[in-house]
Amino acid sequence: MAYASLSRRVYAQFLDFLILCPVLIPQIMVFYYHNKMVYELFPFYTALHSLLYIGYRFVMHALYGRTLGKAFAGIIVTDSCKGRLGWIRSFIRTLPELALSLVTIMSAVYDSRIFMEHQAEMEGLPLAGVHRILNKWNPLDNFTFWDSIIYYGISVIYIFFSHKRTALHDLFAGTRVLRYKAE
């Protein structure tokens with residue numbers, strides 16, 4: 001088995017996104033309807049979506065060593081000895097994404113609270129106007145963007161330059177992503 005390329009990993013990630021895409025449909029409400037009800041539910045929905053995705057990856061990696069997207073892409077996650085991943089390594093592997101998701105959830109909580117406090121100012125504004133107000137008052141707004149860009153950027157660079165094509169979460173968990181050939 002050879003180490004999985006970045007393109008296969010991205011392809012698998014995209015397929016997993018498509019599989020879980022129906023969960024994102026309520027997110028459209030935030031873009032079209034910025035009212036009190038939507039912003040009251042926004043933190044809960046953000047938490048549900050984030051934790052469902054992380055839970056899916058955690059369980060699938062622990063049980064099968066791959067998600068459905070990875071299975072279609074022909075890659076598998078193993079421990080450093082090319083054995084089964086197991087629950088502990090799968091959990092450690094998802095910790096960075098869990099931390100990023102917690103920051104995103106906290107940002108959604110801030111957005112919800114800011115909307116409730118400044119609802120009168122936002123009445124009748126287009127989405128861009130609402131976002132300007134939220135961005136002004138949300139202390140995590142820029143951080144939630146840059147934390148992911150930096151983490152995944154470093155991971156991509158590490159995949160390119162490590163001989164085992166290891167991402168940061170693989171490094172933390174002692175895992176490898178391998179390409180397998182169907183028999």
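Helices here are DSSP runs (H or I) of at least four residues, numbered from the N terminus. The model is predicted.

**View 1. Helices around the largest pocket.** Six elements each supply at least two residues of the lining of the largest pocket: helix 1, helix 2 (27-32), helix 3, helix 5, helix 7 (127-137) and helix 8 (141-161). The volume of this pocket is about 1300 Å³. Its lining counts 44 residues. Closest to the centre are H49, Y53, T104, S148 and Y152.

**View 2. Chemical make-up of the pocket lining.** Nonpolar residues number 23 in the lining of the largest pocket. Polar residues add 14, and charged residues seven.

**View 3. The salt bridge between R9 and D170.** R9 and D170 pair with their closest N and O atoms 2.5 Å apart. R9 belongs to helix 1 (residues 6-20) and D170 to helix 9. The two are 161 residues apart, so the bridge joins distant parts of the chain. R9 and D170 are both buried.

**View 4. The salt bridge between D170 and R93.** The side chains of D170 and R93 meet at 2.8 Å, N to O. D170 sits in helix 9 and R93 in helix 5, with their positions 77 residues apart in the numbering. Both partners are buried.**View 5. A network centred on three residues.** Salt bridges link R9, R93 and D170 into a network. D170 takes part in the bridge with R9 and in the bridge with R93.

**View 6. The salt bridge between E97 and R57.** E97 and R57 meet through their side chains at 3.1 Å, N to O. E97 lies in helix 5 (residues 86-117), while R57 lies in helix 3 (residues 36-64). The pair therefore ties together parts that are 40 residues apart in sequence. E97 is buried, as is R57. The salt bridges of the model come to three.

**View 7. The surroundings of H169.** H169 is found in helix 9 (residues 168-173). H169 counts as buried because its relative accessibility is 8%, and the cut-off for buried is under 20%. The H169 side chain makes a polar contact with the side chain of Y151, at 3.2 Å. Leaving aside residues up to four places away in sequence, H169 touches R9, R93, P96, Y151 and T175. R9 and R93, both touched by H169, belong to the salt-bridge network with D170.

Definitions and conventions:
Residues numbered from 1 in each chain as written. Predicted model: local features only at pLDDT ≥ 70, side-chain atom pairs only at ≥ 80, totals over all residues. Heavy atoms only, no water. Buried < 20%, exposed > 50% of the residue type's maximum accessible area, 1.4 Å probe, protein only. Polar contact = N/O pair within 3.5 Å; in protein donor to acceptor, adjacent residues only side chain to side chain. Contact = heavy atoms within 4.5 Å. Salt bridge = Lys/Arg side-chain N within 4 Å of Asp/Glu carboxyl O. 1 Å grid on protein atoms, 1.4 Å probe; cavity = no way out; pocket = protein on both sides within 12 Å on 5 of 7 lines; lining within 4 Å. Points joined across faces, edges and corners; volume = space filled by probe spheres on them. Nonpolar A, V, L, I, M, F, W, Y, C, P; charged D, E, K, R; others polar.
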